[in-house]
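Hi,

Here is the structure I said I would pass on. Have a look at it first, and then read my notes below.

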Amino acid sequence: MEKVEINIEGMVCHGCAKTIYKVLEKLGAKDITLDFENKKAVFLIDNRELLLKIKVEVEALGYRVSF
C-alpha cells in the first residue's frame, strides 16, 4: 500500500470531513486521516490509478482536490 496526501479546498468542518471520509472509504482507501483545518487528507491506497477516481468523486461533491 502507498501513503498518499492530497489537498482538499472547501473542506471547512467536521461534516465536510465525514462526507469525504465516506467517499474515500467507499473507493478503497485505508487508514484515512482528514484535517479540515489544514485542508488535507492522508490515506493508504493499493493502486495509484485510484487517485483519479478519488479526485472525480470528491470534486463532484463540490470540493477541489489537488495532489
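Which residue follows H2, and what is its phi? Gly62 does, and its phi is positive, near 105 degrees. Keep in mind throughout that this is a predicted model.

H1 ends in a similar spot to look at: Gly28 comes after H1, again with a positive phi near 105 degrees.

Now the sheet. Four strands make up an open sheet, ordered S2-S3-S1-S4, with antiparallel pairing. S2 (30–35) and S4 (64–66) are the edge strands, each with a partner on one side only. From one strand to the next, the twist averages 25 degrees. If you zoom in on S1 (residues 2–9) and S4, you'll find three bridges joining these antiparallel strands. There, Glu9 sits opposite Arg64 of S4.

Both helices pack against strands. H1 (residues 14–26) packs on the sheet and touches S1, S2 and S3 (40–45), with its direction at about 155 degrees to that of S2. H2 (residues 50–60) lies across S1, S3 and S4, and runs at about 140 degrees to S3.

H1 is worth a slow look. Its 13 residues reach 18 Å from first C-alpha to last, close to the 18 Å expected at 1.5 Å a residue. Cys16, Ala17, Ile20, Val23 and Leu24 are its buried residues. Viewed down the axis of H1, the buried residues fall within an arc of 125 degrees, so they line one face of the helix. As a reminder, an α-helix has 3.6 residues a turn, so residues three or four places apart point the same way. On the other side of H1 you get His14, Lys18, Lys22 and Lys26, which are exposed. The buried residues of H1 pack against S1, S2, S3 and H2.

H2 can be read in the same manner. Leu50, Leu51, Ile54 and Val58 are buried in H2. Their arc around the axis is only 95 degrees, which puts them on the same side of H2. Turned away from that buried side are the exposed residues Leu52, Lys53, Val56 and Ala60. Among the elements covering the buried residues of H2 are S1, H1, S3 and S4.

What about the core? The largest nonpolar one has 23 residues, and those with the most contacts inside it are Ile6, Ile8, Met11, Leu24, Leu34, Phe43 and Ile54. At least two residues of this core come from each of S1, H1, S2, S3 and H2. H1 gives the largest share, five residues.

Two of those core residues make good starting points for browsing. Leu34 is in strand S2. Setting aside residues up to four places away in sequence, Leu34 touches Ile8, Met11, Ala17, Ile20, Tyr21, Leu24, Lys40 and Ala41. For a sense of scale, Leu34 and Glu57 are 23 residues apart in sequence and 16 Å apart in space, C-alpha to C-alpha. Ile8 is the other one: without its neighbours within four places in sequence, Ile8 is in contact with Ile20, Leu34, Lys39, Ala41, Val58, Tyr63 and Arg64. Arg64, then, comes up twice, as a contact of Ile8 and as the residue of S4 opposite Glu9.

Have fun with it, and shout if anything is unclear.

Cheers

Methods: Residues are numbered from 1 along each chain as its sequence is written. This is a predicted model: local features need pLDDT of at least 70, side-chain atom pairs count only at pLDDT 80 or more; totals for chains, interfaces and linings use all residues. Side-chain values use heavy atoms; hydrogens and water are left out. Two strands pair if DSSP finds at least two bridges between them. Axes are lines fitted to C-alpha atoms, for helices over the stretch in contact, and angles run from 0 to 180 degrees between N-to-C directions. Contact means heavy atoms within 4.5 Å. A nonpolar core is a set of buried Ala, Val, Leu, Ile, Met, Phe, Trp, Tyr and Cys residues joined through side-chain atoms within 4.5 Å. Buried means under 20% relative accessible area, exposed over 50%, partly exposed in between (1.4 Å probe, protein chains only). The expected span of a helix is 1.5 Å times one less than its number of residues. The arc is that of the directions from the helix axis to the C-beta atoms.
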